[in-house]
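The report below follows a single chain from its interior packing to a helix pair and then to selected loop residues. Please read it alongside the coordinates.

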Amino acid sequence: MKPVKVGLLGLGTVGTGVVRIVVGNQEDLSSQVGSPILIERIAVKDLDKPRDVEIDPAKITTDPWEVIRDPEIDVIVEVMGGIAGTKEYLLEALDRGKHIVTANKDLMALHGSEILAKAQEKQCDVFYEASVAGGIPIIRTLIEGFSSDKIMKIMGIVNGTTNYILSKMSQEGASYDDVLKEAQELGYAESDPTSDVEGLDAARKMAILGTLGFRTNAELSDVSVKGISSVSKEDIAFAKRLGYEMKLLGIAECDNDAFSISVQPTMIRSGHPLASVGGVFNAVYVYGEAVGETMFYGAGAGAMPTATSVVADLVAVIKNLRLGVNGLKQIVPYKQKKLKDSEDIFYKNFLLLHVDDKAGVLAKITQVFAEYDVSLDSVVQQANPNNPNAEIIIVTHDASKASMDKVLRHLEELSVIRRVKSHYRVEG
């Protein structure tokens, strides 16, 4: 059959992986889709940059519009990143009837609804499996595998950099700054790690998962975000003593069609499957009303795992093309967006307080929790030879976010409290 011609935007780490897979696995891929797959045009930033794959120079250009406007191209694979300009490339590609495969989490988190609406209008496919959790097929699973179920909760370790840092801090008792420096030297963290360590990368991915899981338009601005830069080795040591591991978790929950999404350092019970996910690996834990609890684990980044997801999407596009069903499997959010109020968001809490070491302090503190109807699961008071103040560790039962916000404000005003040192969500 007639070859399917692909235009590739970007030939960096992932783009190179895509070329390797398509060229190296051509026989297997062709047998799956019924025709050869040809990478016809490639847009790059620098023509003279050394490449790890052999490419016909006649196929390479520095102008993405040459790729988008080439009438021979059937599918655009976008792995160049960026938002504003990239959005315009993809929207015009859709206007020209070309199908899209992208690994761009930033673009899909911010403008996914517009791009998917345009795809539906033009009866084109837009697939973006590689935008979340690298080689883990979580997006296709949410769309197809759970199509008959109602998703109630999604918990994810979706950023490998932060998981590496927290894992090393837990295993070695090292400080955040020391492990971050090591992660940068190993290439696991960027020279400017802000997007990763402050939770922004994870927030974009969780907005995508929330949109797909709950069939509503979860936007990046709907995600409450707190990063790991304030997590200390003492916090992690306390967590381990209480039977928890510290993870940066994305948590999306939906009840009665109202949802909440957050990204924050979370103490998760050591026996929970997510607690054992170490290093740069990712995992997504999904709670379905019918299926119960399931977990998906694997490499969350890297050239070949991510490229594998990209090429799997490419194969899905071509199969749809052969069947004449492109554009019919898009999940365009159809439920009205309804965010949970803080009164409806419940979870357990861990607090570490530095307080005056004198009689009556504990009674004053527990009175504050009682005033806002927050019940306590455990309270531990101890002296610390390195701290002139006493330390009180409190773990609450499930409490509303609204009540806990009031408790925290009140605690900050108590004269006997020197510092609310740490506050974390508790899961599992």
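Phenylalanine 350, in this predicted model, touches Phe238, Leu242, Met267, Ile393, Ile394, Val395, Ser422, His423, Tyr424 and Val426, when residues up to four places away in sequence are not counted. Phe350 is also among the residues with the most contacts inside the largest nonpolar core, a group that further comprises Ile76, Val126, Ile138, Leu142 and Ile165, and this core has 76 residues. Helix 10, which spans residues 200-214, supplies the largest share of the core, namely eight residues. A second core, separate from that one, consists of 32 residues, including Val6, Ile42, Leu314 and Val315.

How do helix 7 and helix 11 pack, and at what angle? Helix 7 (residues 160-172) and helix 11 (residues 233-241) pack at an angle of about 70°, and their axes are 9 Å apart. Because angles of 65 to 115 degrees count as roughly perpendicular, helix 7 is described as roughly perpendicular to helix 11. The crossing in which helix 7 passes helix 11 is right-handed. On the side of helix 7, Leu166, Met169 and Ser170 take part in the contact, where they meet Lys233, Ile236 and Lys240 of helix 11. By character, the residues of this contact divide into three nonpolar, one polar and two charged.

The loop that leads from strand 7 (151-157) to helix 7 contains valine 158. With a relative accessibility of 0%, valine 158 counts as buried, because the cut-off for that class is under 20%. Its contacts, again leaving out residues up to four places away in sequence, are Asp201, Ala202, Lys205, Met206, Asn282 and Val284. Between valine 158 and leucine 408, which are 250 residues apart along the chain, the C-alpha atoms are separated by 29 Å.

Two further loop residues call for attention to their backbone. Most residues other than glycine have a negative phi. Arginine 215, although not a glycine, has a positive phi of about 60°, and asparagine 256, likewise a residue other than glycine, has a positive phi near 55°. The table sets out where each of them lies and how accessible each is.

| Residue | Loop | Phi | Relative accessibility |
|---|---|---|---|
| Arginine 215 | between helix 10 and strand 8 (223-225) | about 60° | 11%, buried |
| Asparagine 256 | between strand 9 (244-255) and strand 10 (258-269) | near 55° | 68%, exposed |

Arginine 215 is thus placed in the buried class, whereas asparagine 256 is exposed.

Methods:
Residues numbered from 1 in each chain as written. Predicted model: local features only at pLDDT ≥ 70, side-chain atom pairs only at ≥ 80, totals over all residues. Heavy atoms only, no water. Core = buried A, V, L, I, M, F, W, Y, C linked by side-chain atoms within 4.5 Å. Buried < 20%, exposed > 50% of the residue type's maximum accessible area, 1.4 Å probe, protein only. Helix = DSSP H or I, 4+ residues; strand = E, 2+ residues; numbered from the N terminus. Contact = heavy atoms within 4.5 Å. Axes fitted to C-alpha atoms, helices over the stretch in contact; angles between N-to-C directions. Parallel < 35°, antiparallel > 145°, perpendicular 65-115°, else oblique. Left-handed = near helix turned anticlockwise from the far one by under 90°. Nonpolar A, V, L, I, M, F, W, Y, C, P; charged D, E, K, R; others polar.
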